[in-house]
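Open the model in your viewer and keep the selection panel at hand. The tour goes from a sheet to a core, then to the surface.

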Amino acid sequence: MDLSLSVSPVVLAVSAVAAGALAWWAYGRSTPAVAGWRRAALAALRWAAFFVVLVLLFDPVWRRVTRTGEPPLLAVVVDDSESLRLGAGTPADRVRAALDGLPTDAALRFYRFSSDARPAGTALRGDSLAFRGERTDIAGALARVEADFAGRNLRGVVLVSDGRVTDGRNPAYLAERFPVPIYAAVAGDSVSSRDVRLERVITNDVAYVGSPLPIQAGVRATGFAGQSAAVTVSSGGRALGRQSVEVPADGVEAVVDLEVTPTSPGLRSYTVAVGPLAGEATTRNNRRTVTVRVLDDSRRVLLVAAGPSPDLAALRATLEADRSLDVTVRTQRAPGQFYEGPLPTGLGQFDLLVLAGYPGSAADAATASRLGAAVAGGLPVVFVATTTTDLGRLAAAFGEVLPVTPQSVRPGTAEVAFAPTAAGEAHPVLDLGVPPERLGALPPLAVSPSRWALQPGARVLASVRRGGTVLDAPLLAVRQNGNVRSATLLGAGSWRWRTLPDDLSDLRGVYGRLVDRLVRWTTATRDRRPVRVRPDRALFGERDRVTFSGQVYGESLAPVDGARVELTIRGPGGAATATMRSLGNGRYAADLGVRPPGTYTFTAEASAGGASLGRDRGSFGVGRLAAESREPGADPALMRQLATRSGGAVVGLDTLGAFVQGLRDRGALADRPFVREDETPLLDLWPLLALAISLLAVEWVWRKRLGMV
């Protein structure tokens with residue numbers, strides 16, 4: 001053990017001289033005077049105290065260095081995933097034989113890994129490996145070893161794997177900074193077996209009932225070029241589509257486009273399969289299942305008109321032509337009366353309110369106020385002006401809920417052109433399939449010369465253009481107030497956009513698309529749910545633990561900690577419940593363990609202090625994953641990269657035992673001198689402070705006994 005002080009000799013010398021000078025000066029004159037050995041002893045006491053204090057002012061550190069020998073360690077990391085059971089030859093059997101052939105050595109530490117790495121002690125027999133892991137995360141296994149042996153005498157890692165990574169990050173980047181060499185033992189044949197596989201399946205995460213859902217599949221093969229294979233899509237065991245494809249040459253992907261039409265809402269699983277063909281190494285990679293959330297796109301629309309007009313006729317025909325819309329029409333005939341019957345009792349049953357010129361001169365205040373209150377309560381609204389609109393009544397009933405409100409009402413009308421603004425050109429409502437500047441060629445609209453005031457949060461998508469001048473007056477405006485959206489078209493005569501002459505044939509679909517965009521934009525709301533719970537995967541493997549993540553927010557969307565979040569799942573294994581644990585900052589998590597294969601639904605309800613904060617629901621799937629069987633055969637190129645970048649070497653699997661023994665013989669597994677340094681600040685050592693105080697106390701007592709002042 002070596003001891004040293006982190007103070008230079010110069011500092012010690014200066015401190016000693018300074019302390020001596022101060023002590024001698026203090027006793028140069030004394031009352032009464034002292035001389036001889038008494039003076040020297042008192043000066044020595046003061047010098048020693050001053051010296052200790054001066055040295056401590058430099059904050060010195062007492063350093064102890066200990067050198068010992070530490071035995072070596074060698075980590076043997078073995079791939080236990082399903083891919084070792086595929087490919088040419090028998091990779092799994094070769095791995096078992098290689099492990100059984102390793103020498104008995106105290107330096108060896110074994111790990112088995114697939115989706116995660118697990119220590120296996122100082123011995124790992126080949127017959128203890130089942131090769132059932134559904135994922136391979138080499139980077140995660142190496143990171144686990146690095147963390148477990150940090151600061152220890154780890155001399156290398158022997159990685160036994162086929163190199164087929166199906167989970168986690170690219171291990172090649174980790175190998176570049178790995179602290180010890182990686183010795184890569186490749187398990188499996190680099191020559192792929194004859195095989196046909198689905199390389200990828202791409203589709204939308206969300207689909208709608210009655211709307212075609214495209215599904216694109218990528219087919220790759222080895223050794224079957226030119227043969228014909230069937231690609232099918234099915235759901236619940238029922239075939240929904242089939243297409244024949246010519247198997248491509250090795251290394252080439254054939255793309256197959258399929259299509260299904262969902263008939264009911266909910267979570268739907270679609271299985272795409274290719275083949276099988278005779279002589280394949282495995283058929284487990286011939287199919288893939290995708291999960292799609294199917295939504296009901298139908299919406300209930302209440303169309304209220306100020307009276308019969310061409311604008312109402314065009315608007316009604318366009319809305320009723322959309323099969324996803326259930327349209328209820330009410331046309332004002334007299335105060336409180338409509339041609340089609342009374343106003344529906346429950347306005348909350350509708351998804352959208354469309355006002356065709358309403359309110360007009362015949363509108364009664366009670367009905368208008370009722371409609372205005374429904375919009376203020378969260379019902380989206382689209383207002384389209386007509387020649388029968390009463391702007392005074394509009395301001396009274398809907399002034400606070402529409403994007404604009406009449407500020408000063410003026411009589412008369414003026415014809416203007418439609419002029420998109422910069423905000424409108426970038427807004428989805430004006431994504432009408434034609435250049436925005438072409439919209440100025442549409443027939444003019446009749447607008448009121450009244451002055452309009454924008455409400456907070458409103459955006460003007462189109463302004464008024466008269467002649468060649470664009471005026472600062474809104475023509476089309478939208479607004480999102482919290483979770484409620486509204487839109488206004490302030491020009492009458494838009495019905496003429498539906499019947500255009502031949503010279504405007506490129507604009508003939510604009511009216512229908514504009515109405516469709518207004519309906520879709522106003523009925524699409526942002527996610528402001530106070531409780532948001534989702535499974536961590538859309539599809540869990542058969543041996544995966546089903547885990548959930550969630551968030552809970554208050555009314556102001558601030559995170560809520562300490563809530564009680566009850567999670568319930570229902571599926572083939574019956575019902576299971578769990579209370580999600582809080583992670584802080586409004587985040588929650590739950591682990592429901594391994595579940596049987598199938599489709600599951602879940603509900604989550606959050607509460608605090610006995611009051612409900614909200615709920616969420618959804619679904620997920622559990623099934624057999626095919627990640628490990630996507631491509632039989634090893635990837636020696638990746639294994640070679642890991643060895644090269646870390647300073648290791650590629651090792652023959654059949655000679656693994658001899659290689660490990662050679663490491664010992666060559667001295668690569670030798671004890672490492674372990675140096676440990678401990679530093680202690682002298683200010684933390686109470687004996688030094690006690691020494692300085694004791695020296696000063698002895699000096700003071702002696703001075704008093706001599707009668708000195």
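Start with the open sheet of 8 strands in this predicted model. Colour the strands in the order β28-β30-β33-β32-β31-β34-β35-β29. The pairing is mixed.

Which strands stand at the edges? Select residues 531-535 for β28 and 539-540 for β29. Each has a single partner strand, so one side of each is left without a neighbour in the sheet.

Stay with β28 and add strand β30, residues 545-552. The two pair in the antiparallel sense, over 5 bridges. Strands of a sheet pair through backbone hydrogen bonds, so switch the backbone on here. Then pick Val-531: opposite it, in β30, stands Val-552.

Next, the largest nonpolar core, which has 44 residues. Select Leu-303, Leu-315, Leu-319, Phe-418, Leu-430 and Leu-476, the residues with the most contacts inside this core. Now show helix α10, residues 510-523. Helix α10 gives the most to the core, with 7 residues.

Centre on Leu-303. What is it in contact with, leaving aside neighbours within four places in sequence? The list includes Leu-312, Leu-315, Leu-319, Val-327, Val-329, Val-354 and Ala-356. Also in contact with Leu-303 are Arg-316, Thr-328 and Arg-330.

Last stop: the surface. Select Val-206, Tyr-208 and Leu-295. Together they make a nonpolar patch of about 220 Å². Val-206 sits in strand β9, residues 206-208. Is Val-206 buried, partly exposed or exposed? Its relative accessibility is 38%, so Val-206 counts as partly exposed.

How values were computed:
Residues numbered from 1 in each chain as written. Predicted model: local features only at pLDDT ≥ 70, side-chain atom pairs only at ≥ 80, totals over all residues. Heavy atoms only, no water. Patch = residues over 30% accessible without salt bridge, like charges linked within 9 Å, V, L, I, M, F, W, Y side chains within 5 Å. Areas by Shrake-Rupley, 256 points an atom, 1.4 Å probe, with all protein chains shown as cover. Salt bridge = Lys/Arg side-chain N within 4 Å of Asp/Glu carboxyl O. Helix = DSSP H or I, 4+ residues; strand = E, 2+ residues; numbered from the N terminus. Buried < 20%, exposed > 50% of the residue type's maximum accessible area, 1.4 Å probe, protein only. Pairing = 2+ DSSP bridges. Core = buried A, V, L, I, M, F, W, Y, C linked by side-chain atoms within 4.5 Å. Contact = heavy atoms within 4.5 Å.
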